[in-house]
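This report is a guided reading for someone meeting the structure for the first time. Please keep the sequence and the 3D view at hand while following the sections below.

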Amino acid sequence: MKQVLQFDQLSCRLKVEGLPDVSVGQSGQNLGIITGWSLAWAGRPELEGRKEHLLALMQVVLPYARYLISGVPRRFGADPEPVEIGPGPEGGHGLLLRSSQPDTPPLQLNLDDAELADLVRVLDQLRLDSRLQLPLELPEPIPLMGRELPERRPLAQRLAAPLAGLLAVVVASGLGLLLPEPKPGLEPAQRPAAAQPAKGASTSPSRP
Amino acid sequence: MPLDSFAPASAPRLPRRGLERLDLLLLSAEALDLNGGEAMVWMSEQMGFTNLFPNRVELWKRRCTNPLRRNTRREGLEPAETDALIRILCALADRLYPLVRGLLSSAEPSEVLSERWNLFRSRLADLVRQRMNLRRGGVQLLLDPESGARQSRLLIQALALGAGVGGFERLRASLLDAQP
């Protein structure tokens with residue numbers, strides 16, 4: 001009856017134990033109730049916890065990865081939260097796990113980029129596993145706004161092109177206004193005739 | 001790959017920066033794998049995208065919508081086409097994950113890491129010189145030793161975090177980021 005889902009990467013192994021929720025008609029292959037989980041790291045202490053801790057881990061690591069893929073390292077998980085992740089002071093990524101037990105100091109893990117990618121992959125594999133029949137309240141990845149991006153262009157640089165375009169229109173309009181207007185009252189058909197010499201002033205010799 | 005995973009018609013189109021990044025990420029996959037171009041075509045067929053990209057020329061044309069390309073195409077890409085390209089990229093990144101991971105791991109000896117990065121950067125720079133418009137500022141930044149190194153790391157990091165089926169939504173959201 002007890003089900004174990006296991007996901008392996010080079011640096012970590014995630015095991016999730018649980019039971020099918022027979023009250024909603026789940027079969028023996030599925031996992032609808034998480035009874036425990038463990039995350040084993042190569043050369044680091046193993047993490048264990050309840051469903052709430054696993055959800056807390058996913059709720060900070062996956063959004064952190066979402067921001068990081070856009071090149072924005074942002075801290076997730078404030079002090080009361082059991083899990084916190086942010087860019088490390090000397091590079092890498094600092095994962096801080098606060099125990100719910102009193103008198104237990106928080107555990108700090110420093111992950112490099114490869115270990116973080118491994119962790120994200122095992123969490124992705126878990127949330128997309130069809131055997132996990134459990135609604136996970138995870139934020140959807142959404143596009144970042146301009147002000148959240150680090151390489152934001154300064155306002156003056158962004159406004160330069162439209163202002164230059166506007167200036168070009170104003171200058172062209174001003175030059176257009178400087179052109180002389182045609183004299184009023186002259187019909188268009190008369191203008192070429194006016195430009196020609198008068199009939200009586202012909203230079204051709206007159207016949208006797 | 002299921003065809004019903006295509007984006008609906010109302011889905012947003014990738015902005016200019018997203019098109020640039022998508023093509024550069026595909027170029028990075030080619031720099032990691034010498035047969036990356038062929039793998040892309042094969043992957044497209046395997047994933048059932050032949051109705052969108054019937055042959056390699058059509059696939060190539062879609063990639064040429066990158067404004068940084070030497071021969072760029074002005075028409076935009078439909079959301080279904082960009083989604084298909086992102087899925088191909090995620091599958092390629094998944095296939096290349098051991099190589100990508102090897103570049104990012106600090107457990108490797110520094111000489112080995114340095115050698116790997118040099119090889120990747122030189123291949124990427126060769127591809128960029130062949131295919132991109134070298135007068136564009138973005139391309140010059142990629143070829144610059146300092147900013148190019150940082151850009152290369154961001155590209156590899158994006159491939160690592162976007163690898164596999166789980167990376168699709170994350171990578172897609174990232175490519176839809178607002179213009180900086």
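## A three-stranded sheet in chain A

In this predicted model, strand E5 of chain A is joined to strand E6 (residues 93-97) of chain A by five bridges, and the two strands run antiparallel. Within this pairing, A:Ile85 has A:Leu95 as its bridge partner in E6(A), and A:Pro87 stands opposite A:His93. The two strands belong to a hairpin with five residues between them, where A:Gly91 adopts a positive phi near 85 degrees.

E6(A) is also joined to E7(A), again by five bridges and again in an antiparallel manner, and here A:His93 stands opposite A:Leu111. The outcome is an open sheet of three strands in the order E5-E6-E7, with antiparallel pairing. Strand E5 (83-87) and strand E7 (107-111) each have a single partner strand and stand at the edges, so one side of each has no neighbour in the sheet. From one strand to the next, the twist averages 20 degrees.

Which side chains of E6(A) are buried, and which are not? The side chains alternate along the strand: A:His93, A:Leu95 and A:Leu97 point to one face and are buried, whereas A:Gly94 and A:Leu96 point to the other face and are not buried.

## A four-stranded sheet in chain A

Chain A also holds an open sheet of four strands, with the order E1-E2-E3-E4 and antiparallel pairing. Strand E1 (3-8) and strand E4 (47-49) stand at the edges of this sheet, and because each has a single partner strand, one side of each is left without a neighbour there. The twist in this sheet averages 15 degrees from one strand to the next.

E1(A) and E2(A) form a hairpin with three residues between them; six bridges join these antiparallel strands, and A:Leu5 finds its bridge partner in A:Val16 of E2(A). On to the next pair, strand E2 (residues 12-19) and strand E3 (residues 33-41) of chain A run antiparallel and are joined by eight bridges, with A:Lys15 standing opposite A:Ser38 in E3(A).

## A helix across the sheet, and chain A as a whole

H2(A) lies across E1 and E2 of chain A and runs at about 25 degrees to E2(A). Helix H2 (residues 113-128) has 16 residues, which at 1.5 Å a residue should span 22 Å, and its end C-alpha atoms are indeed 22 Å apart, so the expected and computed lengths agree. The helix is mostly covered, since 13 of its 16 residues are buried.

Taken together, the secondary structure of chain A amounts to four helices and seven strands, and along the sequence these follow the pattern β-β-β-β-α-β-β-β-α-α-α. Of the 208 residues in chain A, 25% are buried. Among contacts in chain A with a separation of 6 or more, 44% are between residues 24 or more positions apart.

## Where chain B meets chain A

The two chains touch through 23 residues of chain B, which are in contact with 26 residues of chain A. On the chain B side, helix H5 (97-104), helix H8 (145-161) and helix H9 (167-175) each supply at least two residues. By class, the chain B residues that touch chain A divide into 11 nonpolar, eight polar and four charged.

## Inside chain B

How do helix H6 (residues 110-131) and H8(B) cross, and at roughly what angle? Their axes come within 11 Å and cross at roughly 100 degrees, and H6(B) and H8(B) are therefore roughly perpendicular to each other. B:Phe120, B:Arg121 and B:Leu124 of H6(B) make this contact with B:Gly148, B:Ala149 and B:Ser152 of H8(B), a set with three nonpolar, two polar and one charged residues.

Elsewhere in chain B, B:Asn66 sits in the loop between helix H3 (56-63) and helix H4 (79-95). Is B:Asn66 buried or exposed? It counts as buried, because it has 24 C-beta neighbours inside 10 Å, where 20 or more are needed. Apart from its neighbours within four places in sequence, B:Asn66 is in contact with B:Leu19, B:Glu20, B:Asp23 and B:Thr72. B:Ser28 is 38 residues from B:Asn66 along the chain, and the C-alpha atoms of these two residues are separated by 14 Å.

Notes: Residues are numbered from 1 along each chain as its sequence is written. Chains are lettered from A and ligands numbered from 1 in the order in which they are written. This is a predicted model: local features need pLDDT of at least 70, side-chain atom pairs count only at pLDDT 80 or more; totals for chains, interfaces and linings use all residues. The expected span of a helix is 1.5 Å times one less than its number of residues. A residue is buried if 20 or more other C-beta atoms lie within 10 Å of its own, exposed if 12 or fewer, and partly exposed in between; C-beta atoms are placed from the backbone. Two residues are in contact if their C-beta atoms, placed from the backbone, lie within 7 Å. Ala, Val, Leu, Ile, Met, Phe, Trp, Tyr, Cys and Pro count as nonpolar, Asp, Glu, Lys and Arg as charged, and the others, Gly among them, as polar. Two strands pair if DSSP finds at least two bridges between them. Axes are lines fitted to C-alpha atoms, for helices over the stretch in contact, and angles run from 0 to 180 degrees between N-to-C directions. Angles under 35 degrees count as roughly parallel, over 145 as roughly antiparallel, 65 to 115 as roughly perpendicular and the rest as oblique.
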